[in-house]
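Q: I am new to protein structures and would like to learn how to read one. Could we go through it feature by feature?

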Amino acid sequence: MEAIVYEEFGGPDVLRHETGVAVPEPGAGAVRVKVAAVGVNPVDHKRCHGWVEAFYPTTFPAVPGLEFAGTVDALGEGVTGVAVGDEVFGWTTTGAYAEYALAELFIPKPPGLTWEQAASLPVAGETAARVLELLGLKEGETLLLHGAAGVVGSVAVQLAVAAGATVIGTASEGNHAFLRELGAIPVAYGEGLADRIRAVAPDGVDAVFDAAGHDTLPLSIELMGGEKERIVTIAAPDAEEHGIVFSGVVAAPAEVRARLTDQARLAVEGRLTVRLAQALPLKEAARAQELSESGHVRGKLVLLP
């Protein structure tokens with residue numbers, strides 16, 4: 001089958017497009033999926049670099065990619081509730097940058113969701129919901145969200161606004177109109193950020209969701225008056241040094257399926273949007289990771305096998 005493979009840690013140049021990779025066989029509890037679309041995430045290039053081995057240990061040769069959308073092609077022993085030919089989306093256990101992949105954690109794809117939309121939702125939706133739950137965000141509270149215009153950030157904005165929170169989102173000025181459309185109050189990065197946040201939140205902020213990294217934690221602690229319990233990051237590698245929770249572990253499968261089912265319904269209804277930046281053929285995976293690693297992509301990158 002066609003797949004993207006790497007056998008050493010490094011940048012996009014370690015990714016190889018191969019056409020003779022063995023098709024995986026589903027074991028007990030798993031299904032094989034003919035992949036229709038693959039979501040590209042920052043964690044993909046971090047895994048390729050070897051930066052997140054504590055969360056995602058690598059066995060070479062490796063196929064990148066966590067999230068997929070596709071059609072069930074074969075069933076492993078003991079699998080029930082799904083049939084060959086069903087359209088599904090979720091997380092793969094063998095790497096999504098491939099023509100076929102194995103999966104255990106997935107849900108049915110609603111007819112109103114495109115392949116690209118479905119492949120864009122699992123990681124961003126699960127991460128955003130998980131962090132908002134860790135923060136214990138309540139109606140009427142004010143959330144400061146660093147990196148609000150990114151894929152995870154923009155989903156978190158929509159979920160938090162829907163929950164009745166006020167969201168202040170840091171982003172470059174080119175993304176401010178987009179954030180206003182989502183219901184957030186945009187604030188520009190750069191010198192004077194703390195003063196700009198205080199100007200729009202004179203009563204302070206109740207929680208901080210850091211999806212950006214880039215030295216945001218000291219500022220966040222300052223804005224929270226030194227309190228750290230309601231600051232969570234998914235992007236700052238030095239979180240432990242600051243005494244801040246780094247959230248990188250997916251929740252329990254039943255909880256994940258329930259959240260994703262609800263988010264898929266919201267997406268079909270037009271109440272949850274993941275902005276699509278670009279869809280590229282699978283063979284251009286290295287290019288997709290270059291774009292992702294640059295940090296300047298507006299929206300979701302998707303690969304199409």
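A: What follows takes the whole chain, then its sheets, one helix and a few single residues.

Q: Before the details, what kind of model is this?

A: This is a predicted model.

Q: How many helices and strands does the protein chain have?

A: The protein chain has 10 helices and 14 strands.

Q: How do I judge the overall size, and what does the radius of gyration say here?

A: Start from the number of residues. For 305 residues, a compact globule would have a radius of gyration near 19 Å, and the protein chain has 19 Å, so the two agree. Along the principal axes, the C-alpha atoms fill a box of roughly 60 × 40 × 30 Å.

Q: What share of the residues is buried, and what does the chain expose?

A: A residue counts as buried if its relative accessible area is under 20%. By that cut-off, 53% of the 305 residues are buried. The exposed area of the protein chain is about 13,400 Å², with carbon and sulfur atoms supplying 52% of it.

Q: How do I see whether contacts join distant parts of the sequence?

A: Take the contacts between residues at least 6 apart in sequence. In this protein chain, 63% of those join residues at least 24 apart.

Q: In what order do the strands of the open sheet lie?

A: Read a sheet from one edge to the other. Here 6 strands form an open sheet in the order S9-S8-S7-S10-S11-S12, with parallel pairing. Strand S9 (185-188) and strand S12 (245-246) are the edges; each has a single partner strand, so one side of each has no neighbour in the sheet.

Q: How many bridges join S7 to S10?

A: Strand S7 (residues 142-146) and strand S10 (residues 207-210) run parallel and are joined by 4 bridges. To find the pairing by eye, look for Leu-143, which stands opposite Ala-207 in S10.

Q: Which helices lie on this sheet?

A: One is helix H4 (residues 151-162), which lies across S7, strand S8 (166-171) and S10, at about 170° to S7. Another is helix H6 (residues 193-200), which touches S7, S8 and S9, and whose direction makes about 160° with that of S9.

Q: How do I find the buried side of a helix, and which residues of H6 are buried?

A: Mark the buried residues, then check where they point. In H6 the residues Leu-193, Ala-194 and Ile-197 are buried. They cover an arc of only 100° around the axis, so they are on the same side of H6. The face turned away from that side carries the exposed residues Asp-195 and Ala-199. The cover over the buried residues of H6 includes S7, S8, S9 and helix H7 (217-223).

Q: How do antiparallel strands look, and which strands pair with S5?

A: The general idea for any regular strand is that side chains alternate between the two faces of the sheet. Strand S4 (residues 67-75) pairs with S5 in the antiparallel sense over 5 bridges, and 5 bridges also join S5 to strand S6 (residues 100-108), again antiparallel. Gly-70 stands opposite Val-88 in S5, while Gly-90 stands opposite Phe-106 in S6. Thr-92 also stands opposite a residue of S6, namely Ala-103. On the S3 side, strand S3 (residues 31-40) runs antiparallel to S6 and is joined to S6 by 4 bridges; Val-31 has Ala-103 as its bridge partner there.

Q: How many residues of S5 and of S6 are buried?

A: In strand S5 (residues 87-92), 5 of the 6 residues are buried. In S6, 7 of the 9 residues are buried, so S6 is largely enclosed by the rest of the structure.

Q: Is Gly-70 buried or exposed, and what is in contact with Gly-70?

A: Gly-70, found in strand S4, is buried, with a relative accessible area of 0%. Apart from neighbours within four places in sequence, its contacts include Val-33, Val-88 and Trp-115. Gly-70 and Tyr-100 are 30 residues apart in sequence, and their C-alpha atoms are 8.9 Å apart in space.

Q: Which residues are in contact with Ser-120?

A: Ser-120 lies in helix H2 (residues 115-120) and is buried, with a relative accessible area of 3%. Leaving aside neighbours within four places in sequence, Ser-120 is in contact with Glu-67, Val-274, Lys-300 and Val-302.

Q: Where is a cis peptide bond found?

A: Most peptide bonds are trans. Here a cis peptide bond joins Phe-60 and Pro-61, with omega about -5°. Pro-61 lies in the loop between helix H1 (42-49) and S4.

How values were computed:
Residues are numbered from 1 along each chain as its sequence is written. This is a predicted model: local features need pLDDT of at least 70, side-chain atom pairs count only at pLDDT 80 or more; totals for chains, interfaces and linings use all residues. Side-chain values use heavy atoms; hydrogens and water are left out. Two strands pair if DSSP finds at least two bridges between them. Helices (H or I, at least four residues) and strands (E, at least two) are DSSP runs, numbered from the N terminus. Contact means heavy atoms within 4.5 Å. Axes are lines fitted to C-alpha atoms, for helices over the stretch in contact, and angles run from 0 to 180 degrees between N-to-C directions. The radius of gyration is taken over C-alpha atoms; the globule rule is 2.2 Å times the number of residues to the power 0.38. Buried means under 20% relative accessible area, exposed over 50%, partly exposed in between (1.4 Å probe, protein chains only). Accessible areas come from the Shrake-Rupley method with a 1.4 Å probe; for residues, only the protein chains shown count as cover. The arc is that of the directions from the helix axis to the C-beta atoms.
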